[in-house]
Amino acid sequence: MSDTTPEHRRWSPTHGEPYRPTPYRPVRVPPEESLARAARLRQRMDERRTVRAFSPDPVPDQVLRDAIACAATAPSGAHQQPWTFVLVKDPEVRRRIREAAEHEEELSYDGRLGEEWLAALRPLGTDAVKAHMTDAPALIVVFQQRHWLGEDGTKRKHYYVDESVGIAVGMLLSALHLSGLAALVHTPSPMRFLGEVLGRPSNEKAFAVIPVGHPADDCEVPDLVRKSLDQVLVEV
Ligand SMILES: Cc1cc2nc3c(=O)[nH]c(=O)nc-3n(C[C@H](O)[C@H](O)[C@H](O)COP(=O)(O)O)c2cc1C
């Protein structure tokens with residue numbers, strides 16, 4: 001699919017416009033086919049792991065763009081699509097992001113997090129060293145747009161921003177995984193430095209940094225157990 005949309009189909013604010021319906025008739029998937037697709041997808045998604053040790057091997061730019069395009073199909077409150085994805089490949093910018101993130105993480109791991117938070121992190125084996133930010137060939141920095149900002153400075157409230165961006169990031173992670181790439185959701189706290197380093201406008205707040213690439217040859221992950229279906233599902 002092309003990355004450029006014809007001018008008449010490019011998004012522009014629809015605030016206050018009347019309802020304009022269009023037919024929607026997706027092909028109905030027969031139950032057997034649906035069952036087979038669901039079982040396969042469940043298995044593929046169960047294979048996803050958060051990777052913190054990346055190979056520097058490059059990944060095709062178009063796979064990253066396609067994954068971001070998938071994320072941007074996410075549902076959002078009032079269809080306000082309150083997200084921006086910054087794809088960072090420039091090694092010098094990644095180095096600056098790593099330096100700033102490690103500064104914050106050192107303060108966090110040296111006590112700012114508190115004992116309860118540190119105890120929650122202990123099984124993951126993480127520390128203040130964030131080599132993934134410079135080892136992985138690309139970072140996708142996700143920003144949430146707290147409000148819409150017109151070119152003339154007009155502000156308009158965005159609704160359900162956290163929920164919308166969280167869903168979009170879930171779809172991004174799924175797209176990356178199903179395309180054969182590994183990723184990590186990294187949330188250095190506080191994250192204000194990301195907007196500063198990347199020169200983002202005042203209505204955008206950093207949500208997460210997502211290093212993307214292939215796992216290092218000697219990559220290890222924590223031996224975690226996921227909740228089973230009966231532990232997460234209540235059928236009424
Ligand atoms: C909102 C969110 C924030 C996270 N922040 C971090 C982080 O800052 N650093 C990190 O190493 N992992 C982070 N993770 C990754 C989780 O630790 C990881 O998803 C969890 O341990 C389960 O492992 P899995 O993804 O391999 O199933 C985060 C995940 C989420 C969803």
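Start at Ala-78, in the loop between helix H2 (61-71) and strand S2 (83-88). The model is predicted. Select Ala-78 and check its backbone: phi is near 50 degrees, a positive value in a residue other than glycine. Most residues other than glycine have a negative phi. Now show the surroundings of Ala-78. Because 13 C-beta neighbours lie inside 10 Å, Ala-78 counts as partly exposed.

**Zoom out**

Display the whole chain. The chain holds eight helices and seven strands. Taken along the principal axes, its C-alpha atoms fill a box of roughly 55 × 55 × 40 Å. Of its 236 residues, 25% count as buried. Turn on contacts between residues at least 6 apart in sequence: 83% of them join residues at least 24 apart.

**Helix H1**

Select residues 31-46, which form helix H1. Put a distance between the end C-alpha atoms; they are 22 Å apart. At 1.5 Å a residue, the 16 residues of H1 should span 22 Å, so the two values agree. How many of the residues of H1 are buried? The count is zero, and H1 is hardly covered.

**Helix H6**

Move to Tyr-160, in the loop between strand S5 (155-157) and helix H6 (161-178). Tyr-160 is not a glycine, yet its phi is positive, about 55 degrees. With 15 C-beta neighbours inside 10 Å, Tyr-160 counts as partly exposed.

Step into H6 itself. H6 has 18 residues and reaches 26 Å from its first C-alpha to its last, close to the 26 Å expected at 1.5 Å a residue. Colour these buried residues of H6: Val-161, Ser-164, Val-165, Ala-168, Val-169, Leu-172, Leu-173, Ala-175 and Leu-176. Follow their spacing along the helix. An α-helix has 3.6 residues a turn, so residues three or four places apart point the same way. What covers the buried residues of H6? The cover includes H2, S2, S3, S6 and S7.

Leave H6 at its far end. Gly-180 follows H6, and its phi is positive, near 95 degrees.

**H2 against H6**

Show H2 and H6 together. Their axes come within 8 Å and cross at roughly 145 degrees. The crossing is right-handed. On the H2 side, select Ala-67, Ile-68, Cys-70 and Ala-71. On the H6 side, add Ala-168, Val-169, Met-171, Leu-172, Ala-175 and Leu-176. Colour the contact by class: ten residues are nonpolar, none is polar and none is charged. Several of these H6 residues are also buried, among them Ala-168, Val-169 and Leu-172.

**Val-141 in strand S3**

Select Val-141, in strand S3 (residues 138-145). Is Val-141 buried or exposed? Val-141 is buried, because 24 other C-beta atoms lie within 10 Å. Leave out residues up to four places away in sequence, and Val-141 touches Val-86, Val-88, Leu-194, Leu-198, Ala-206 and Val-209. Now pick Ile-210. Val-141 and Ile-210 are 69 residues apart along the chain, but their C-alpha atoms are separated by 6.0 Å.

**The bond before Pro-190**

Go next to Pro-190, in the loop between strand S6 (182-183) and helix H7 (192-198). Look at the peptide bond from Ser-189 to Pro-190: it is cis, with omega near 0 degrees. Most peptide bonds are trans.

**Around the ligand**

Select the ligand and show the residues around it. They are Arg-49, Thr-50, Arg-52, Leu-124, Thr-126, Leu-184, Val-185, His-186, Thr-187, Val-221 and Leu-224. Colour this shell by class: it has five nonpolar, four polar and two charged residues.

**Last stop: Pro-222**

Finish at Pro-222, in the loop between strand S7 (204-215) and helix H8 (229-232). Pro-222 is exposed, because 12 other C-beta atoms lie within 10 Å. Not counting residues up to four places away in sequence, Pro-222 touches Pro-123, Leu-124 and Gly-125. Leu-124 is also one of the residues around the ligand. For a last distance, add Glu-105. Its C-alpha atom and that of Pro-222 are separated by 20 Å, with the two residues 117 apart along the chain.

Terms used:
Residues are numbered from 1 along each chain as its sequence is written. This is a predicted model: local features need pLDDT of at least 70, side-chain atom pairs count only at pLDDT 80 or more; totals for chains, interfaces and linings use all residues. A residue is near a molecule or strand if its C-beta atom, placed from the backbone, lies within 6 Å of it. Ala, Val, Leu, Ile, Met, Phe, Trp, Tyr, Cys and Pro count as nonpolar, Asp, Glu, Lys and Arg as charged, and the others, Gly among them, as polar. Helices (H or I, at least four residues) and strands (E, at least two) are DSSP runs, numbered from the N terminus. The expected span of a helix is 1.5 Å times one less than its number of residues. A residue is buried if 20 or more other C-beta atoms lie within 10 Å of its own, exposed if 12 or fewer, and partly exposed in between; C-beta atoms are placed from the backbone. Two residues are in contact if their C-beta atoms, placed from the backbone, lie within 7 Å. Axes are lines fitted to C-alpha atoms, for helices over the stretch in contact, and angles run from 0 to 180 degrees between N-to-C directions. A crossing is left-handed if the near helix is turned anticlockwise from the far one by less than a right angle, and right-handed if clockwise.
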